[in-house]
Each structure stands twice: as C-alpha cells, then as structure tokens.
Amino acid sequence: PLVIVPTCTFEELGRIAQAKATFWGVQKQEMCGDFTGLFQHNVELNQALRLHLHRNLADTVNQVEDKIDWVFEKELGSPQDWKAFRVHEVTVRIVARLVAGVFVGARFTRDDEWTKLSLGLATDLVYARDAIKKWPTWIQPVVGPFLKDIRTVNSQITKMAEMLKPIIENSVLEGGHSLRQTAYDEQKIDLENGNQEPEGTFMSWVLSRLKTTDPEVIARIQLSLSFASINTTTNALCFIMLDLAARPEYTQPLREEIEELIREDNVQEDENGVLRLKQASLNKLWKLDSFMKESSRLSKNGITALRLVQQPITLSTGHRLPKGTRIAFDTRSVHTSPRTQTFSPKYNPPENKPPTEFDGFRFYRLRKMAGKEKLHRFVTSSTESLTWGYGDHACPGRFFADYELKVLLVELLRKWDFRVKDPLKTNSETLRKMHELVVVVPRDAEVELRRRKL
C-alpha cells in the first residue's frame, strides 16, 4: 500500500532511521532489484555520495567544466541559424555523457558505445519493471529470471561490466593495495587535523567501500547511480530550458548576473578556453538559483520522499504503518498552497506572485530579505521545500546536481540563444504530464537553439 502522510509528520519522518524506512528499498523494489541486482549495495553507494563526492565537489565541478564545451559541440553542433531540437532527446545525452565522465572515467564522456548502452539500459529497466509487475507477487521469484525483458537487462549489464574491467584494474593498481582489505574508516586520513582526502575517482571511492572488485557488481552499482542521476538531472534541465525559452524576459537579467560575477570574481578562461567558475562563485548566482528552483518546484512529481517501511512504525498522530508500506509526502500540495508559510502572502514581498503561478525570481527576492539569505536555495531541503526529499533521507547527490546544472546553464546562457515557437504552449506549466504521480517531459517537446554571435 501507498500512504500519503500528513504534513504534521514530516519532521519526525525526516529523522527516522534508514533501518525503519528506506528510500533505497523503494528503488530496489521499483527496479526489479531481486532480478537485476540493482540497488543492492545502497549503503556503499550512499556513503560514497555523502562523504567522498561532497568533499570533492570542487574537483568534480572542474571535471564538468572540462567536458562541457566538447559535449555541447558533439550533441548540438554549432548552428548559426535557428535549429529545432527535441529537448529531452538532446538533454538526456548531454547529461549522460557528463555523468559518465564524472562517475565512471573521463574517457567515457566521449565513448558513444557507453552512452548508447547506459541510455538503452534506462529504457530496458522500465520494460523489465513493467513485465515483472504483470505477475502476482508470490510467483515473481519463479518467473522473473526467465522473462525476456529481465534477461535483456542482465545481458546488457554483462556488456557494461566488460567495459568497466580496465577502470577497476587501474583503480586497484593506483590504490597500491588490495581493495578487499580497504575500508574508509581504516584509511589513515585525519580530516580533523587538516589532512586532505586522497585524490581519486568516484569509481575508486565506491570500490574502497566494497569487499569485492567483481565487474558485474560494480556495473550494477554504476547503473543504479546512473539511472537515478541521469533521470533526475535530465528532467530538471529539460523543464528549466523550456521555461527559459518560453519566458525570454528572464534571459537578459540572468546573463547580466553571470557577466557581473565574472568581472567581480575575476573569473578567467584557462589555456583551453574553459571558464573556471569556483563553487563560491557559482553560489553567488542567486537569480539563476531562483529560476532553477522555481522551474523544479512546478515540474516536480506529485509526491516525493518515497520510502519503504522496514519495521512497523507508530507515528505521533497515532497512525500505524506496517512493514512493507510505502510512504510519501504530498509535494505538489505543499509547493502550491498559500497556506505553506514559504508561499503565504505575509511571508513574501508584495511583488511575488501566488504559488500557483510561475515567478522565476520568487526565491531571489525572498533571499534578499534580512535573515532569509540561506533559506531558499535550490538545494534547500525542508518541510516546505521537498524537491530533494527531507531530513536524513534527502538526496545525497543534490549538491553535485546543483553545480552540474549551473555549469550547464552558464554555458547555455553565455553562448546560445534559445526560443520556442509557441511560448504559451511550451513551458513547464503546460507541458508537465503526470504518469503514475511522476512528471515526465513530453518526448516531442522542442526548443530552438543557435550559437550566439559574441
């Protein structure tokens, strides 16, 4: 059963232990984890995201900046006149290449076979999920391994494992020790005394937490991560691009903010023409941050923070949640109700629009008010800002997604013009389609792009 919990329980559910209610358990259930091996190493993956990735964000931002120009050239070309692109089709490829470069290895950004394989698997997984759900729960363990769609996924994962073997071997060699004997807590790292974490890739961070270097296991972990990160970032970027193209009045203020930041922070291009924006600089783009948050607010799924109850829970309201129950927050209602404090007339400056309407600089104006500077960022997770979930279960990769999106959008705003043929019919409000409480980007939605004449 799926239970939509009342807002008065958000706080206590945000603090509840993973052992009692787990986000990853829902993903495992949804993606046929018992038959595909996905989301089986959730603890290790979660630790790599929360600890290693977060501590190495500066280096990760540099990796995205290194690849962004090539990726845009590869997927968009350099059209001097307006050219129509299917926004989801091109965006998912851009994101997939960047994710592969950061989470797998630099050369995988340019590897067409890997891009095709990872995107194909994302589609095949949905088919596999739908195929197994057609059978009663009690018989799924018997028929699951023999279903054509399940076998297709496992066959593709085997191909992925073969491609990962050289990366795994290099990670072992560069580590200078057996990864089977390595645990993060055993490494001689004393961050409290000022020592820095050793350099490494995301692959090596995951390996350091596992007791195996089996390529099949690593491939399933990579696919679990890719499925989550590519889908989330692609959906967000698609709707942001559509909203930018459909609302041209925001383009110039956003471009001016970027250029002002470049001047004030003396941001330079390196010898390869790559603009090097540091984390601190990206954090100053308040208008862009606000636009991203507003677009995501109105195009977010109807419910978020899905969790699977692992142990019986009794809430302070008296409600009892038995094991196996899926629970979720009613995000859409929270994000569009004037009864939510963040969107109430008393809390907002008079120029802010009602929460049911798009207002790209809504959160910029809120943050300009005394005492609210840090409360309404794109990455904010609170009982009134549920895009990333809430509490201990909030998305651990949201800070990387934030910087990745900003690097992409800075490149887009500085070097590209964009538009849609019919702004009233092509934006996040008119195009968001709900499928089983999930908002999906229409595959035929188009945006027109051309290189700016700088």
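Which are the buried residues of H14? I began my notes with this question, and I keep in mind throughout that the model is predicted.

**Helix H14**

I listed the buried residues of H14 as Leu288, Asp289, Ser290, Phe291, Met292, Lys293, Glu294, Ser295, Ser296, Arg297 and Leu298. With eleven of its 13 residues buried, I describe H14 as mostly covered. I then checked its length: helix H14 runs over residues 286-298, and at 1.5 Å a residue it should span 18 Å, which agrees with the 19 Å that I find between its end C-alpha atoms.

**The protein as a whole**

I counted 18 helices and eleven strands in the protein. Of its 454 residues, 54% count as buried. Looking at contacts with a separation of 6 or more, I noted that 75% of them are accounted for by residues 24 or more positions apart.

**Nonpolar cores**

I looked up the largest nonpolar core, which holds 110 residues, and found that Leu164 and Phe202 touch the most other members. Helix H11, residues 215-246, gives the most to this core, contributing 17 residues. Apart from this core I recorded another one, of 14 residues, with Leu13, Ala21, Leu321 and Val334 among them.

I followed leucine 164 further and, leaving aside its neighbours within four places in sequence, I found it in contact with Val104, Trp114, Met203, Ile218, Ala219 and Gln222.

**H6 against H7**

How do the axes of H6 and H7 cross? I have helix H6 at residues 87-103 and helix H7 at residues 112-133, with axes that come within 10 Å and cross at roughly 110°. Angles from 65 to 115 degrees count as roughly perpendicular, and I therefore enter H6 and H7 as roughly perpendicular to each other. I also noted that the crossing of H6 and H7 is right-handed. Where the two helices meet, I see Val92, Arg93, Ala96, Arg97 and Ala100 in H6, set against Asp112, Trp114, Thr115 and Leu119 in H7.

**Helix H17 and lysine 415**

I turned next to helix H17, residues 398-415, whose 18 residues reach 26 Å from the first C-alpha to the last, close to the 26 Å expected at 1.5 Å a residue. This helix, too, I describe as mostly covered, since 17 of its 18 residues are buried.

Is lysine 415, in this helix, buried or exposed? I have lysine 415 in helix H17, and at 16% relative accessibility it counts as buried, because the cut-off for that class is under 20%. Not counting residues up to four places away in sequence, lysine 415 touches Asp69, Arg450, Arg451 and Arg452.

**Glycine 25**

I placed glycine 25 in helix H2, residues 23-30, and at 13% relative accessibility I count it as buried. I also looked at its position relative to arginine 307: glycine 25 and arginine 307 are 282 residues apart in sequence, while in space they are 7.0 Å apart, C-alpha to C-alpha.

**Asparagine 266**

My last entry concerns asparagine 266, which I found in the loop between helix H12 (251-264) and helix H13 (279-282). Its phi is near 50°, a positive value in a residue other than glycine. Asparagine 266 has a relative accessible area of 53%, and I therefore enter this residue as exposed, the cut-off for that class being over 50%.

Notes
Residues are numbered from 1 along each chain as its sequence is written. This is a predicted model: local features need pLDDT of at least 70, side-chain atom pairs count only at pLDDT 80 or more; totals for chains, interfaces and linings use all residues. Side-chain values use heavy atoms; hydrogens and water are left out. A nonpolar core is a set of buried Ala, Val, Leu, Ile, Met, Phe, Trp, Tyr and Cys residues joined through side-chain atoms within 4.5 Å. Buried means under 20% relative accessible area, exposed over 50%, partly exposed in between (1.4 Å probe, protein chains only). Helices (H or I, at least four residues) and strands (E, at least two) are DSSP runs, numbered from the N terminus. Contact means heavy atoms within 4.5 Å. The expected span of a helix is 1.5 Å times one less than its number of residues. Axes are lines fitted to C-alpha atoms, for helices over the stretch in contact, and angles run from 0 to 180 degrees between N-to-C directions. Angles under 35 degrees count as roughly parallel, over 145 as roughly antiparallel, 65 to 115 as roughly perpendicular and the rest as oblique. A crossing is left-handed if the near helix is turned anticlockwise from the far one by less than a right angle, and right-handed if clockwise.
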